[in-house]
Amino acid sequence: MQIYGYQRTGFTGTLLRVQVATTTSSFTIHGISEAKASRLKQELRAYYQGPLPRLSIQVPPHAFLDNIIAPVLLAMLCIEKNLMALSSHSILLYGTIDLSGTLTSPPPLEKELTQLCTEAGIALILSGENISPIHEYCIPCPSIASALSQLWRFALRHPGHEAPSRMASKEHTLKGDPFSGILGLYEAKQALCYAVAGELPLLFYGPPGSGKSLLLNRTKQLLPPLKGERAQEVWAIHGRKKIESPLLRLETGMSQQRLLSGNPPWASLAHGGALLVDELSDQKPKVRTALSQLLDTCKIGDYPLQCTLVAAMNGCRCANLGNPNGICRCTNAQIDQFWGQVGWPLLDRFAIAIALEPEPLLAGSVQAFHVDMEAMEHVRSLQSVRKQEGIAHLFPRYSKVMAHTQRSLRRAKLCCTLAQVIADWEGKEEVTLEIMEQAYSLYLLPKDRHYH
């Protein structure tokens with residue numbers, strides 16, 4: 001069993017880990033100064049019945065005496081009662097002890113405390129009776145003796161590591177949901193998964209507050225681990241081994257020379273990972289031209305560049321296009337001019353282009369969006385095989401879906417490639433007409449949309 005205390009310093013809180021071990025020498029305290037340890041011993045004698053046992057106590061050096069007395073005292077009692085060996089859970093004693101022996105707790109900042117407990121794997125919180133329970137496994141206790149009694153009951157009911165903790169289930173949810181905290185936007189989340197799995201370029205556009213940057217920042221959690229030949233290429237480019245899937249962010253104002261120069265070139269560092277471009281419309285024209293060329297060649301000189309390009313931008317110059325709570329005063333001609341300045345050649349090279357709108361807070365879904373990372377790795381591994389097979393056999397289905405609308409050959413190839421990725425993601429043996437329609441619908445620019 002591991003005992004923790006809690007301490008707030010300024011605007012941040014930390015957990016104080018208390019380590020206790022039996023020893024043949026006298027009672028000793030490590031981690032703090034001798035003067036501070038002497039005062040802590042005096043305080044403990046006032047609460048501990050009998051002489052201090054032969055224990056070695058390790059406390060954090062930044063711990064304040066008022067915050068560390070209660071968890072140290074609880075740890076000493078657990079050693080005395082042989083409770084440490086009965087359970088392997090982590091316990092938080094949230095509160096301080098006063099002169100009367102009463103356990104009191106400060107008003108908690110639940111979000112911060114929940115995050116701290118999740119990171120430390122806390123299975124049980126013992127708090128003072130002056131606050132309401134923080135979560136399901138938070139037990140109010142009037143004193144240290146009451147806290148020890150509740151800890152006995154918990155350890156007997158939940159031996160080992162299997163504690164039915166809500167925080168543990170939340171941690172599992174966070175690991176299974178890389179989009180945790182992002183409300184709704186189901187189609188955009190799924191599209192980002194398709195883009196990462198197939199290493200396809202993706203564009204989010206919409207008004208400020210619609211979630212574009214949030215989704216961009218979650219790309220890192222979707223990248224599968226490097227394996228095989230791809231891992232060797234990335235290690236060679238970065239000059240070291242055991243590097244995670246790289247993630248590069250193209251900052252606004254970067255020059256074309258900076259993008260393409262260097263040994264290796266800066267952009268090639270994204271090989272095997274992702275390149276994020278926020279505010280695409282604010283990038284320099286030569287940089288946007290270079291990006292369109294890189295999407296075609298997939299290399300810079302002798303360096304490969306196979307990565308997922310994820311970009312975001314506003315829908316018009318005033319940024320209100322698609323905002324249900326704002327008024328866009330741009331004319332259709334001005335909107336076309338704005339997108340034309342971004343560059344139709346570059347826009348034509350995105351496999352996915354999705355418009356985002358601010359999610360209504362009261363109606364948006366808060367359910368977890370589970371991502372099967374094994375499926376992600378499987379689909380990614382199939383891409384080299386798909387490139388060898390080609391996608392020409394999918395053109396007839398694409399022709400039926402587009403209904404004779406004039407599109408470029410590049411658009412046909414990208415749509416068919418995306419449809420194959422979707423079929424692989426869903427475990428389908430072939431691309432059906434419904435999957436092709438889904439892939440076709442995932443590329444829609446403002447000139448093809450109708451805004452109310």
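Which helices each supply at least two residues of the lining of the largest cavity? That is α16 and α17, the latter spanning residues 433-441. Keep in mind throughout that this is a predicted model. Here are some notes to help you find your way around.

1. The cavity. If you go looking for enclosed space, you'll find 1 cavity of 30 Å³ or more. The largest cavity comes to about 70 Å³ in volume. Its lining is made up of Ala351, Tyr398, Arg407, Arg411, Cys415, Ala439, Tyr440 and Tyr443. Sorted by class, that makes 6 nonpolar and 2 charged residues, with no polar ones.

2. The pocket. Next, have a look at the largest pocket, which holds about 740 Å³ of space. It is lined by 27 residues, and those closest to its centre are Glu199, Leu200, Leu295, Cys298 and Leu414. The class split for this lining is 13 nonpolar, 6 polar and 8 charged residues.

3. Who builds the pocket wall. Three helices each put at least two residues into the lining of the largest pocket: α11 (285-297), α14 (373-389) and α16 (409-425). Of the contributors, α16 gives the most, with 7 residues. You've met this helix already, since α16 also supplies at least two residues to the lining of the largest cavity.

4. Arginine 349. This one sits in the loop between α13 (344-347) and β16 (352-355). Is arginine 349 buried or exposed? Its relative accessibility is 13%, so it counts as buried, the cut-off being under 20%. The side chain of arginine 349 has backbone oxygens to talk to: that of proline 345 at 2.6 Å, and that of serine 292, which lies 3.2 Å from a polar atom of the side chain.

5. Neighbours of arginine 349. Leaving aside residues up to four places away in sequence, arginine 349 touches Pro201, Ser292, Leu295, Asp296, Arg410 and Leu414. Two of those names should ring a bell: Leu295 and Leu414 are among the residues closest to the centre of the largest pocket.

6. Asparagine 217. Finally, turn to helix α7, which covers residues 212-217 and includes asparagine 217. With 39% relative accessibility, asparagine 217 counts as partly exposed, because that value falls between the 20% and 50% cut-offs. Its side chain joins that of arginine 249 through a polar contact of 2.7 Å. It's also worth checking aspartate 278: this residue is 61 residues from asparagine 217 along the chain, while their C-alpha atoms are separated by 9.9 Å.

Methods. Residues numbered from 1 in each chain as written. Predicted model: local features only at pLDDT ≥ 70, side-chain atom pairs only at ≥ 80, totals over all residues. Heavy atoms only, no water. 1 Å grid on protein atoms, 1.4 Å probe; cavity = no way out; pocket = protein on both sides within 12 Å on 5 of 7 lines; lining within 4 Å. Points joined across faces, edges and corners; volume = space filled by probe spheres on them. Helix = DSSP H or I, 4+ residues; strand = E, 2+ residues; numbered from the N terminus. Nonpolar A, V, L, I, M, F, W, Y, C, P; charged D, E, K, R; others polar. Buried < 20%, exposed > 50% of the residue type's maximum accessible area, 1.4 Å probe, protein only. Polar contact = N/O pair within 3.5 Å; in protein donor to acceptor, adjacent residues only side chain to side chain. Contact = heavy atoms within 4.5 Å.
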